Number of protein chains: 2
Amino acid sequence: MSLALMGRARLDNLTKPRGSLGRLEDLALRLFLIQGREPGVDPARIYTVAGDHGVAARGVSLFPQEVTRQMVANFLSGGAAVNVLAEVAGVEHFVVDAGCAGPQFDPHPALIRNRIAPGTADISVGPAMIEEECLEALLLGADLAEKAAKAGIRALGAGDMGIANTTPSTALYCALLDLDPAEVAGPGTGLDRAGVGRKAGIVAQALEANAAAVAGRDPLAVLAALGGLEIACLAGLVLGGAACGLVVCLDGFISTAAYAAARAICPRVSGYCVLSHASAEPGHALAVERLGLEPVLDLGMRLGEGTGAALVLPVLRAAAAVFNRMASFADAGVSESA
Amino acid sequence: MSLALMGRARLDNLTKPRGSLGRLEDLALRLFLIQGREPGVDPARIYTVAGDHGVAARGVSLFPQEVTRQMVANFLSGGAAVNVLAEVAGVEHFVVDAGCAGPQFDPHPALIRNRIAPGTADISVGPAMIEEECLEALLLGADLAEKAAKAGIRALGAGDMGIANTTPSTALYCALLDLDPAEVAGPGTGLDRAGVGRKAGIVAQALEANAAAVAGRDPLAVLAALGGLEIACLAGLVLGGAACGLVVCLDGFISTAAYAAARAICPRVSGYCVLSHASAEPGHALAVERLGLEPVLDLGMRLGEGTGAALVLPVLRAAAAVFNRMASFADAGVSESA
């Protein structure tokens, strides 16, 4: 019997009407297919990968660029949303400096200092990175996944921090999924309508300025041209997580853009990823549909950091527990349906 | 400043773009308004209230009536979905025999033995209960809420078990919310299309057989005529929970029907209740809309027992933690938006 049939048979024999736990059963089956044994997500770890973006200078975010590093400091002192949510969920949390601007951070037990460059170049006038930097960021992410797997981690959360990073993410969606900047561009941290229009224009400029990379359709070249250091690192985390047989919880708009790049590099990553939630960023739904993903939660969130992953991990934990611990009809002496 | 403005101001000063945690912020504010101090849901307790239904004899469920008591036994031995999910969520779980058929259950530390009658009468030919029984069930629920409050519980989950209980719930929705049986009746544990049609017909018969109670619009009389002992007990749990200032997590189709009755008795219960999830039972969406509720989760579940409540409690816990523990912009030295 195939693993899928074994898992389905097990779920159908548990003391509940068939299929009555809906998505929870699908998630349990997904975990079982990934892990090939008693499914589970614990221990789980969220990486919040930080990077800066040259395009921030174009005024695409309401927040100044310095907020990226201020938020890294906030993560390290435990005051950000992802800290609180990870702690409540019982999930490890690490911060990764893949490409922040400004001086190097001091060492900290929760900080992985692997800055590849102090931010990217402005994508509206040329490539964000050279391909070597992009590859280095991908390998950093893959290495983080492998280190986690070696430490016994079973599920990863892929979080981001980077002022202005909805702009490169929008550009990546357009290039990788044949979408239009005006369809995908959204308010990010809170742009008004005029701001969103300007942002769509800047994304269009980025696609134009990097037209050769976009036309070439080589995912690594596209990611280098339009991505970000944290985005490329997250793409590597997806690739490495899948390669190590980990469950990878995609977070929101940025994390899904990283997934789009990872999937373009290796389509088989799809079997290992769970989309935590539907972002309130309007273009997310369109990208999610093109990518064939189905968000688990829909709470109107648009924060990133790994906050969605921190909320979905307890749902996955619950799904695994249903699979592993519920009684069967035979065990419990419960009559089956007609 | 009003409590609502105080809560909103606090949320807006936390280190995240304003409103970017979406529903989580709304839920945090709701908890703060209910509790008037540092919000929280712990300790939380789920009651799974069980009862039998005379209308089961009409073949409205795929499962035989004996499954109600078999499932009570399964709850007590820890093998049901609600046990597993409550345990994973770190939530207390009690089973209540408000009206099961058959011999009394043996004592058990997790069982509250308060059977009011050994099931209801068939609603398709007359009233389910006499009003005194219904009142007794309501008071039982209110007493359970009060006992929980005295034990320090801050949030309740309102779960049900009762073979055939989507039928009385459907009848209650029709009577209390002016809906049509054909619109609300659904497959329950898995009826086919013909079965759903028969079930709608039986609900129409129930409304006809209890026409005087329905026309009178006295919610207690309607609940006695068309409800169930577990449903009336859950309505009492909602009323008592609100009276004690507890957060009440409604579960799915049955629990929401109990809420509809409780709200008809006292509209102010609405401020204390959170609808855990959107049931896959098709009529639920219609009832939910009429009741002005907004489900937190939508996982295609249709099991009852309190399984939805067990999944939403970690989300509420996360919402409370955001409110209580995140750093403000000033605390963390993070620049605010333009």
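Helices, here, are DSSP runs of H or I of at least four residues, numbered from the N terminus. In the predicted model, A:Leu3 is found in helix H1 of chain A, an element that spans residues 3–12. The relative accessible area of A:Leu3 is 31%, and because buried means under 20% and exposed over 50%, A:Leu3 is classed as partly exposed. The same residue belongs to a nonpolar patch on the surface, which A:Leu3 forms together with A:Met1, A:Leu5, A:Met6 and A:Leu33. The accessible area of these residues together comes to about 500 Å². Helix H1 of chain A gives the most to the nonpolar patch, contributing 3 residues.

With regard to the overall fold, chain A contains 15 helices and 6 strands. When taken along the principal axes, the box filled by the C-alpha atoms of chain A has dimensions of roughly 70 × 40 × 35 Å. The radius of gyration of chain A is 20 Å, which agrees with the value near 20 Å that a compact globule of 338 residues would have. Of the 338 residues in chain A, 64% are buried. Among the contacts in chain A between residues at least 6 apart in sequence, 74% join residues that are at least 24 apart. The area that chain A exposes is about 11,500 Å², of which carbon and sulfur atoms supply 53%.

A further surface position is provided by A:Pro109, which lies in the loop between strand S2 (92–99) and strand S3 (111–113) of chain A. With a relative accessibility of 73%, A:Pro109 counts as exposed, since the cut-off for that class is over 50% relative accessible area. Between A:Pro109 and A:Ala261, which are 152 residues apart along the chain, the separation of the C-alpha atoms is 30 Å.

The arrangement of the two chains was then examined. In general, two copies of a chain are related by a rotation about an axis and a shift along it. Here, a turn of 180° with a shift of 0.0 Å along the axis lays chain B on chain A with an RMSD of 0.0 Å, and this is the relation of a two-fold axis. Among the residues of chain B, the one that comes closest to the rotation axis is B:Leu297, whose C-alpha atom is at 3.3 Å. Of the interface residues of chain B, 100% are also interface residues in chain A, and the copies therefore meet through the same surface.

Terms used
Residues numbered from 1 in each chain as written. Chains lettered and ligands numbered in written order. Predicted model: local features only at pLDDT ≥ 70, side-chain atom pairs only at ≥ 80, totals over all residues. Heavy atoms only, no water. Patch = residues over 30% accessible without salt bridge, like charges linked within 9 Å, V, L, I, M, F, W, Y side chains within 5 Å. Areas by Shrake-Rupley, 256 points an atom, 1.4 Å probe, with all protein chains shown as cover. Salt bridge = Lys/Arg side-chain N within 4 Å of Asp/Glu carboxyl O. Helix = DSSP H or I, 4+ residues; strand = E, 2+ residues; numbered from the N terminus. Buried < 20%, exposed > 50% of the residue type's maximum accessible area, 1.4 Å probe, protein only. Least-squares fit on C-alpha atoms with pLDDT ≥ 70 in both. Contact = heavy atoms within 4.5 Å. Rg over C-alpha atoms; globule rule 2.2 N^0.38 Å.
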